[in-house]
Amino acid sequence: MKLDSAPKRVVLFFDTHEAFWGEHRGLGDADYDLRDQWFRRLLKVLQPELGIVVIVAAREIPRWGKARKQPIPEGKVEYRLIGNLSEESAQKYLELANIQDAATRDRVCAYAQVEPGQVHPLFLGLCGDIILEASERNIELPADEFAKSPQAADIGAELVLRLLRYVGDNVADAVRALSACRSFDRVLYFKLADELRFDGTDLAFRKLTSFSFVSPVEGRGPGQCRIHDLLRRLIHESNEDFERRANEFLEGCYRKLSGPAAIAEAIYHASRLDCRRGVREWVKAFDLAFWSSDYPLCRALLAVRSAFGTMGHLESGMLARCEADFCRIRALYAESDRGYKEALKYFDRAQREEDTIEIQRSKARLLLSFGELHAIRNQLSECAKNYQDVIEICKFALSVAEDGVELYELMAEGHLGLGDVNIWESRSQPAIES
């Protein structure tokens, strides 16, 4: 670097620092420090003042400052947490990877999204690799077909393998079990370890919580941790036996407890075992809480709703209607209006796939709620149309339904609503008929 022909700066990249220890993380301090002692020695002789910059990627914060030999002082290291990509950055990455089709880029970004507006870099890179490899073999993967392709289905398993590459079998089992939890603490860790027979020791717990895919949870009490959302999603989608057994155990545990949080958590775990069963129980519990003004339970249910994951159009519409109801009661009318319209789109899509009595009942219930919002906003013509549509839906459904009790109730609500609109518009006789 002192030569005249030397560059002004050299950057040395070292990836996967945790590979020094492999699966052996329970070593004593001396043995632990010995594994990367030569690396610390190398870093100490490099001279940053000459323009040499070292970047080390790791899943754990290095313990260099505590090493007995060749320590590196904390002040010499700058720590940066590498998070997810923004959607804009993810789009730019795909463009630079020569994926030209905008629809394909949008679909891949949505597929690799771990939360709204945040895309996982490794997941995105694997998706991009699949598309480019297919292109090199003159195979076109249409945007709509990408997520359904066998190659895309393999991404999840590949990612889980990469993320758990340097953990032992016991820790991997613990990760698979704890991925069932929205969050966990020491107590829940040991309960699951006892039930599912993985390593339930203090050392194993400390080892698990040292990994970068385990992070503390803000706002859920001290000592609460969670497995990274992407890893939880991938393990769930791969139908891991440990995760299924953990959900069964946790549902049973929460069923024995009382209070809004326990009810919501029990329903959440039920949904992880059977999405259809869980969503319907959630909607039933929400509607009962809503109409009895049990708003703490409504909020607890809404807190777990976003964790349900992928589901059908009917289930998505049912949940969107409930959320819109809650916005309406809180006088968030614009949000409620958007929610009802979103729910209506879901139900229309569900009907195009298969028009069932349950979809028609759900759509009628939605239109009743939408009618109430239009009434509050004094949009009486829209309100009357909502109630008239409810009556027509129920009439049609009753012609084929085996059990029409709920449909008759919904139709009666439609007539009552239409009667109210006629009263507000001073039409006495139509009101009486309704």
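Let's start with a cysteine. The sulfur of Cys225 lies 11 Å from the closest cysteine sulfur, the one in Cys181, and that is too far for a bond. Keep in mind that this is a predicted model.

What kind of bond are we talking about? A disulfide is a covalent bond between the sulfur atoms of two cysteines. To count here, the two sulfur atoms must be within 2.5 Å. At 11 Å from Cys181, Cys225 does not meet that, so no bond is assigned between them. How many disulfides does a search of the whole structure find? Zero.

Next, accessibility. Is Cys225 buried or exposed? Cys225 is buried, because its relative accessibility is 13%. Cys109 counts as buried too, at 2% relative accessibility. The cut-off for buried is under 20%.

Now to the surface. Look at strand β1, residues 10-14. Phe13 sits in that strand. Is Phe13 buried or exposed? Phe13 has 62% relative accessibility, so it counts as exposed. Exposed means over 50%. Phe13 also has partners: with Val11 and Ile55, Phe13 forms a nonpolar patch on the surface. Together, the three have about 290 Å² of accessible area.

Last stop: a glycine. Where is Gly404? Find helix α19, residues 380-398, and helix α20, residues 405-424. Gly404 is in the loop between them. Gly404 counts as buried, because its relative accessibility is 13%. Now find Ile357. In sequence, Gly404 and Ile357 are 47 residues apart. In space, their C-alpha atoms are 9.6 Å apart.

That's my tour. Thanks.

Methods: Residues are numbered from 1 along each chain as its sequence is written. This is a predicted model: local features need pLDDT of at least 70, side-chain atom pairs count only at pLDDT 80 or more; totals for chains, interfaces and linings use all residues. Side-chain values use heavy atoms; hydrogens and water are left out. Patches are made of residues with over 30% relative accessible area and no salt bridge: like charges are joined within 9 Å, nonpolar side chains (Val, Leu, Ile, Met, Phe, Trp, Tyr) within 5 Å. Accessible areas come from the Shrake-Rupley method with a 1.4 Å probe; for residues, only the protein chains shown count as cover. A salt bridge is a side-chain nitrogen of Lys or Arg within 4 Å of a carboxyl oxygen of Asp or Glu. Helices (H or I, at least four residues) and strands (E, at least two) are DSSP runs, numbered from the N terminus. Buried means under 20% relative accessible area, exposed over 50%, partly exposed in between (1.4 Å probe, protein chains only).
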